[in-house]
Amino acid sequence: MAKYSDEFKIIDVIEYLKGTLGYKLLAIKFGIPVVLLRRTTQKQLVMEVTDGIAKFINLSQLNQHCI
């Protein structure tokens, strides 16, 4: 299985979130299997959400200490 760059994965997620194309059409557009696109997109979204929550929690804790 070929490895794809983080940049490519982020482009996939952005294209998916635009909502104009579903997994099947995006897979055709990028020339990758649908299963791989779906798995990559879901993993990337989970990583982004988890990272965002962690940053929010750290910011909230920092704000509590500054008050």
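Which residues make up the largest nonpolar core? Here is a walk through this predicted model, starting with that question.

## The nonpolar core

Six residues form the largest nonpolar core: Tyr 23, Leu 26, Ala 27, Ile 32, Leu 36 and Leu 37. Two elements, α2 and α3 (34–66), each give two or more residues to this core. Helix α2 supplies the largest share, with three residues. As background, nonpolar side chains in soluble globular proteins tend to be buried together.

Ile 32, one of the core residues, is worth a closer look. Setting aside residues up to four places away in sequence, Ile 32 touches Tyr 4, Phe 8, Asp 12, Ala 27 and Leu 37. Of these partners, Ala 27 and Leu 37 are also listed in the core.

## Overall layout

Stepping back, the protein has three helices and zero strands. Read from the N terminus on, the order of elements is simply α-α-α.

Of the 67 residues in the protein, 18% are buried. As for contacts with a separation of 6 or more, 43% of them are between residues 24 or more positions apart.

## How α1 meets α2

Helix α1 covers residues 6–18 and helix α2 covers residues 23–30. Their axes come within 11 Å and cross at roughly 140°, so α1 and α2 are oblique to each other. The crossing of these two helices is right-handed.

Who does the touching? On the α1 side there are Phe 8, Ile 11, Asp 12, Glu 15 and Tyr 16, and they meet Tyr 23, Leu 26, Lys 29 and Phe 30 in α2. Sorted by class, this contact has six nonpolar residues, three charged ones and no polar ones. Tyr 23 and Leu 26 turn up twice in this story, as they belong to the largest nonpolar core and also to the α1 contact.

## Glu 15: a charged residue in the contact

Glu 15 sits in helix α1. Is Glu 15 buried or exposed? With a relative accessible area of 13%, Glu 15 falls under the 20% cut-off and therefore counts as buried.

Leaving out neighbours within four places in sequence, the contacts of Glu 15 are Leu 26, Lys 29 and Phe 30. Those three residues are in α2, among the ones that meet α1.

## Thr 41 and Gln 42 in α3

Now for two residues that follow one another in helix α3: Thr 41 and Gln 42. Thr 41 is buried, because its relative accessible area is 0%. Gln 42, by contrast, is partly exposed, because its relative accessible area is 41%.

What does Thr 41 contact, leaving aside its neighbours within four places in sequence? The partners are Asp 12, Val 13, Tyr 16 and Tyr 23. Asp 12 and Tyr 16 are also among the α1 residues that meet α2, and Tyr 23 is part of the largest nonpolar core.

Val 13 comes up again with Gln 42: the two are 29 residues apart in sequence, while their C-alpha atoms are 8.3 Å apart in space.

Notes: Residues numbered from 1 in each chain as written. Predicted model: local features only at pLDDT ≥ 70, side-chain atom pairs only at ≥ 80, totals over all residues. Heavy atoms only, no water. Axes fitted to C-alpha atoms, helices over the stretch in contact; angles between N-to-C directions. Helix = DSSP H or I, 4+ residues; strand = E, 2+ residues; numbered from the N terminus. Parallel < 35°, antiparallel > 145°, perpendicular 65-115°, else oblique. Left-handed = near helix turned anticlockwise from the far one by under 90°. Contact = heavy atoms within 4.5 Å. Nonpolar A, V, L, I, M, F, W, Y, C, P; charged D, E, K, R; others polar. Core = buried A, V, L, I, M, F, W, Y, C linked by side-chain atoms within 4.5 Å. Buried < 20%, exposed > 50% of the residue type's maximum accessible area, 1.4 Å probe, protein only.
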